[in-house]
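Got the viewer open? Let's take a short walk through this one, picking a few things to select as we go.

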Amino acid sequence: MGIREDLARVREEGLAAMAKATLGEELEAARLKYLGKKGELTALLKQMGRLSAEERPAMGALANEARAAVEAALETASKKLEAAALERKLKAETVDVTIPGKAPKIGHRHPMYLALDEIKDVFVGMGFTVLDGPEVELAELNFDRLNAEESHPSRDWSDTFYFDRDERVMLRSQTSPMQVRAMETMPLPMRIIAPGRVYRKDEVDATHSPMFHQVEGMVIDKNVTMADLKGTLNLLVERLYGAGTKTRFRPHHFPFTEPSCEMDVQCHKCGGAGCPTCKGEGWIELLGAGMIHPTVLEMSGIDPNVWSGWAFGMGLERTAMRRFKIADLRLIFENDVRFLEQF
Ligand code: DAH
């Protein structure tokens, strides 16, 4: 048999082997068998040297054509295999949209923030602006500008967290400095509430924590009276604790209000008869309030002969405890999900 026949045969076999391969390894084996260094086509090419000078060009061209054809077949087969592999992969990885999804675990609103939202709702409904303020505060705003004398007991190191020996910077012990910040920045008349954290050197027990929350409230306008204060706070109490819930206003003293009072709410446990929850009183204290002291207005550049106002400060934990009948303050801060999930 001559080289021409061998070439034709090897060419056909090579093409067939490439076309037949269904796996990558089969194709690679075919490549080696025909196109590899020791492959059949390569071996035939090496035999060209044995041909006569006349035969060589035509046979060389034929050999090159055979090689190119087998190489092209290899290329085509390789593309085909790749496409098939991709197809298989896509099939294997398709998403089954009928499988039920994983429901995201939704957290619970903290009961104290639920109570705060209710409080905000009441006041925003009456046109109040909600303010946010710094927890690291100047003693000047926390005390001086609120008319607290140098000798005021809460200014003592044993009660207050100061940052410096000069007692200039502190963790605010009340949200009341927000009154001063509002008076300095907001146009008159104004109605604001300012919820936030406050800090005092108290030991942790069922009713105390060194960090707790207050909501400050303040109205400054013309002809504002104690009646406005009582009406507004009564509305708040009825919205929080139900229509008909009774309040009681007792005289008290705060340096920044005159007159000052504390507001009690009828005990939710006994309805006023007296029980352990209210320590036999029938009432539970909810907040301090009063008419803004003229000196406080004056210190912030507001003329007390033209403007008057009232203010209050309430403990948020206590309000939430009453709202949701929580017996121990520590539950509010422990963040035990078994507790939180109940609200
Ligand atoms: N800041 C007071 C406290 O922490 C509460 C308070 C009382 C706030 C009377 C007021 C107020 O705005 O008028 O005990």
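Start by selecting Gln174 together with the ligand: a polar atom of the Gln174 side chain sits 2.7 Å from a nitrogen atom of the ligand. Keep in mind that you're looking at a predicted model.

Now add Arg200, where a polar side-chain atom lies 2.8 Å from an oxygen atom of the ligand. Then pick Glu216: an N or O atom in its side chain is 2.6 Å from an oxygen atom of the ligand. How much of the ligand does the protein bury? Taken alone, the ligand exposes 350 Å², and the protein buries 90% of that. Show the surroundings and you'll get 15 residues, with Gln179 and Gln214 among the closest. Strands β5, β8 (283-292) and β9 each give two or more residues to this shell.

Next, colour the strands. You'll see an open sheet of seven, in the order β1-β4-β5-β9-β8-β7-β6, with mixed pairing. At the edges are β1 (129-130) and β6 (247-252), each pairing on one side only.

Zoom in on β5 (residues 211-221) and β9 (residues 308-315): they run antiparallel and are joined by eight bridges. Click Ile220 to find one bridge partner in β9, Gly309. Then bring up helix α5 (residues 111-125), which lies across β1, β4 (190-199), β5 and β9, at about 165° to β4.

Last stop: Thr245, in the loop between α8 (226-241) and β6. Is Thr245 buried or exposed? Its relative accessible area is 14%, so it counts as buried. A polar atom of its side chain lies 2.6 Å from the backbone oxygen of Gly242. Farther along the sequence, Thr245 touches residues including Val265 and Arg322.

Terms used. Residues numbered from 1 in each chain as written. Predicted model: local features only at pLDDT ≥ 70, side-chain atom pairs only at ≥ 80, totals over all residues. Heavy atoms only, no water. Pairing = 2+ DSSP bridges. Helix = DSSP H or I, 4+ residues; strand = E, 2+ residues; numbered from the N terminus. Contact = heavy atoms within 4.5 Å. Axes fitted to C-alpha atoms, helices over the stretch in contact; angles between N-to-C directions. Buried < 20%, exposed > 50% of the residue type's maximum accessible area, 1.4 Å probe, protein only. Polar contact = N/O pair within 3.5 Å; in protein donor to acceptor, adjacent residues only side chain to side chain. Near = heavy atom within 4 Å. Areas by Shrake-Rupley, 256 points an atom, 1.4 Å probe, with all protein chains shown as cover. Lists of a residue's contacts leave out its neighbours within four places in sequence.
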